Amino acid sequence: MKLLRRFVPVALLGFGGALACGGGDSTGPQAGSVTGIFGDNDSVFTGGTLPVGFTVLGGNGSPLPGAHVTWTVAPVAAASVTPATQSSDNLGNVATVVHVNSTLGPFTVTASVPGVSPIAFHLKVLDPCAYALSYTLGDTVAGSLAHTDCRVALGAAHYFYDYYKLTLPAGQSSIRINMSSTDFDTYLDFYAFAGNQLGSNDDIQQTVIQNSQLDIIVGQGGDYVIGANSYDPDTVGNYTLTAALRPTTVSGCKEVWLTPGATFTDTIRTTDCSDVPYNDKVLFWMQASDVIRIAERSTVINPLLKLFNANFAAQRFDSVAVNDDSASGNPNAYIAYTVPADGLYLLQIGAATPGDTGQYTLAFDVNIGPSARRAAPVDRVPRVLRVLPNGAFRGWKKRVGVN
C-alpha cells in the first residue's frame with residue numbers, strides 16, 4: 001500500500017542576470033533562507049521510503065547553488081538518508097531519500113545548512129499491520145501489494161495485505177466487494193474491526209475468473225475492515241478495489257456471507273442450488289461459545305434448515321443441526337446451536353417437501369457466550385481456515401461433499 005503523501009513542488013523565484021551567491025568560507029556559500037520545503041509531517045510503513053527537500057536561497061533572495069547540506073537522523077536507528085551529504089544544485093534545490101527501518105513511531109530528519117537554522121522534518125513510521133486506509137462505498141481504489149505491506153503468516157507461507165476501513169450506517173447492509181488484477185490471483189477477506197473474520201473470496205469463477213467478488217449481508221452498522229491480498233504467497237502487484245451496495249438476496253446458488261443480526265426475504269427457485277431439493281446457501285464464521293439462532297418462516301413452503309460445519313481435515317462439510325418444524329403444529333424451522341470451536345459454517349435454506357418452491361424469510365442472530373473468545377486486532381487474525389484443503393475456497397460447491 002502506498003500512502004498518499006503531501007508533496008509540495010519546489011517554487012522557484014524568478015530572477016534575472018547571473019546567480020548571486022552569498023558570502024562563503026571553507027564550508028561553502030552562506031544561505032540566507034530556505035523555501036519550498038516538502039516532506040515534513042509525512043508517514044510511511046516500515047521498510048518504505050520518503051522524499052524530503054527544500055530550496056536554498058542566498059542573502060538577496062535568489063536561489064543559491066553549491067550550498068553544503070548535511071543530513072542527520074534522530075534516533076539514528078529509525079532510518080538512513082541517501083545521500084547523507086550534498087550541495088544544492090544550480091537552482092538551489094536539495095532533495096534526499098529517507099529509508100526507514102522497522103522502528104515504529106516518530107523520528108526526525110534534520111538538514112544543516114551554513115547560514116540558516118537547521119531544517120527539521122518530523123516523520124513517522126507506521127505498522128502496516130495496524131493501519132487501515134479509510135474507504136467509502138462507491139470509491140474505486142487503484143492499489144498495489146508491496147513488500148512493505150503487512151505480511152501475514154499462514155504456516156510457512158506469508159501473504160501481503162492492504163487494509164481498508166469501511167464504516168457502514170446503522171442497520172443492515174448488503175454489499176459486494178470486487179478486487180481485480182492483471183498481475184496476480186486476487187483474494188479478499190472481510191473482518192469486523194475487532195479482528196474476527198466475517199467472509200472471504202478467491203475467484204468469481206474458480207480457476208477461470210481469478211478476480212475476487214465477496215457478497216455479504218452485514219447485520220449491523222459500524223466499522224469493518226477489507227483485507228486485499230493474493231491467493232498465492234509473497235505476491236506483489238497492482239490491483240483495483242471497489243465496493244458497493246447490492247440487492248439483499250442469496251438466490252442463484254451464489255456464495256453469500258452472513259453476519260449476526262441479518263434478516264432477509266428471498267425465494268426458493270428452480271434456479272437455486274439443486275444438490276438437494278432446491279435450496280439457498282449462506283456462509284458465516286463463528287467463534288467458540290457463540291449461540292447461533294436461525295429461523296426460517298414461510299406461508300408458502302414447509303421450511304427446512306440444515307447447518308453444517310467445515311471439516312477441513314476430511315475436506316467436507318459435516319451436518320451439526322437440522323430442523324423442519326420448530327414445534328408441534330408450527331411448520332416454521334428453527335435452529336439453536338452452541339458453537340464448540342472457532343470455525344466456518346454453511347447453512348442450507350430450503351423446503352421439507354422435495355421440489356417445493358416459494359418465498360421465505362430468514363432471521364439470523366447470535367448470542368455471545370460468557371466464555372466466548374474475541375479475536376485479536378486485524379494484524380493478529382488467525383487464518384487457519386483460509387482455504388479448503390483441496391484448493392480454492394469456493395471449491396466446496398462442486399468438489400467438497402456435504403454430509
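Two strands count as paired if DSSP finds at least two bridges between them, and strands themselves are DSSP runs (E, at least two residues; for helices H or I, at least four), numbered from the N terminus. What you have open is a predicted model, where local features need pLDDT of at least 70, side-chain atom pairs count only at pLDDT 80 or more, and totals for chains, interfaces and linings use all residues. Residues are numbered from 1 along each chain as its sequence is written, and side-chain values use heavy atoms, with hydrogens and water left out.

**Stop 1: strand β30**

Start by selecting residues 358–367, which make up strand β30. Now add 291–297, strand β25: β25 and β30 run antiparallel and share 7 bridges. Look for E296, and you'll find it facing L362 in β30. Next, bring in β23, which also pairs with β30 in the antiparallel sense, over 6 bridges. Here T265 sits opposite T361.

**Stop 2: the open sheet**

Which strands make up the open sheet, and in what order? There are 5 strands, running β4-β11-β10-β6-β8, with mixed pairing. β4 (43–45) and β8 (85–87) are the edges; each has a single partner strand, so one side of each has no neighbour in the sheet. On average, neighbouring strands here are turned by 30 degrees against each other, direction ignored (axes are lines fitted to C-alpha atoms, for helices over the stretch in contact, and angles run from 0 to 180 degrees between N-to-C directions). Zoom in on the β4 edge: β4 pairs with β11 in the parallel sense over 3 bridges, and F45 stands opposite L126 in β11.

**Stop 3: the disulfides**

Show the cysteines. Counting a disulfide as a pair of cysteine sulfur atoms within 2.5 Å, you get 2 of them. The pattern is 1-2, 3-4, with bonded cysteines counted along the chain.

Go to C129 and C150 for one of them, with S to S at 2.0 Å. The S-S torsion is about 100 degrees, so this disulfide is right-handed. C129 is in the loop between β11 (119–126) and β12 (133–135) while C150 is in strand β14 (residues 150–154), so the bond ties together parts 21 residues apart in sequence. Both C129 and C150 are buried (under 20% relative accessible area; exposed is over 50%, partly exposed in between; 1.4 Å probe, protein chains only).

Then jump to C253 and C273, joined at 1.9 Å from S to S. This link is right-handed too, with 105 degrees about the S-S bond. Buried or partly exposed: where does C253 fall? C253 is partly exposed, at 25% relative accessible area, whereas C273 is buried at 3%.

**Stop 4: the nonpolar cores**

A nonpolar core is a set of buried Ala, Val, Leu, Ile, Met, Phe, Trp, Tyr and Cys residues joined through side-chain atoms within 4.5 Å. The largest one has 32 residues, and I177, F190, I226 and L241 touch the most other members. Select F190 and its surroundings: beyond four places in sequence, its contacts (heavy atoms within 4.5 Å) include L166, I175, L214 and Y224. Apart from this core lies another, of 28 residues, among them V250, V282, A333 and L347.

**Last stop: N323**

Finish at N323 in strand β27 (residues 316–323). N323 is buried, with 15% relative accessible area. Leaving out residues up to four places away in sequence, N323 touches P303, L304, L305, N332, A333, Y334 and I335. A polar atom of the N323 side chain also lies 3.4 Å from the backbone oxygen of D325.

Conventions
Polar contact = N/O pair within 3.5 Å; in protein donor to acceptor, adjacent residues only side chain to side chain.
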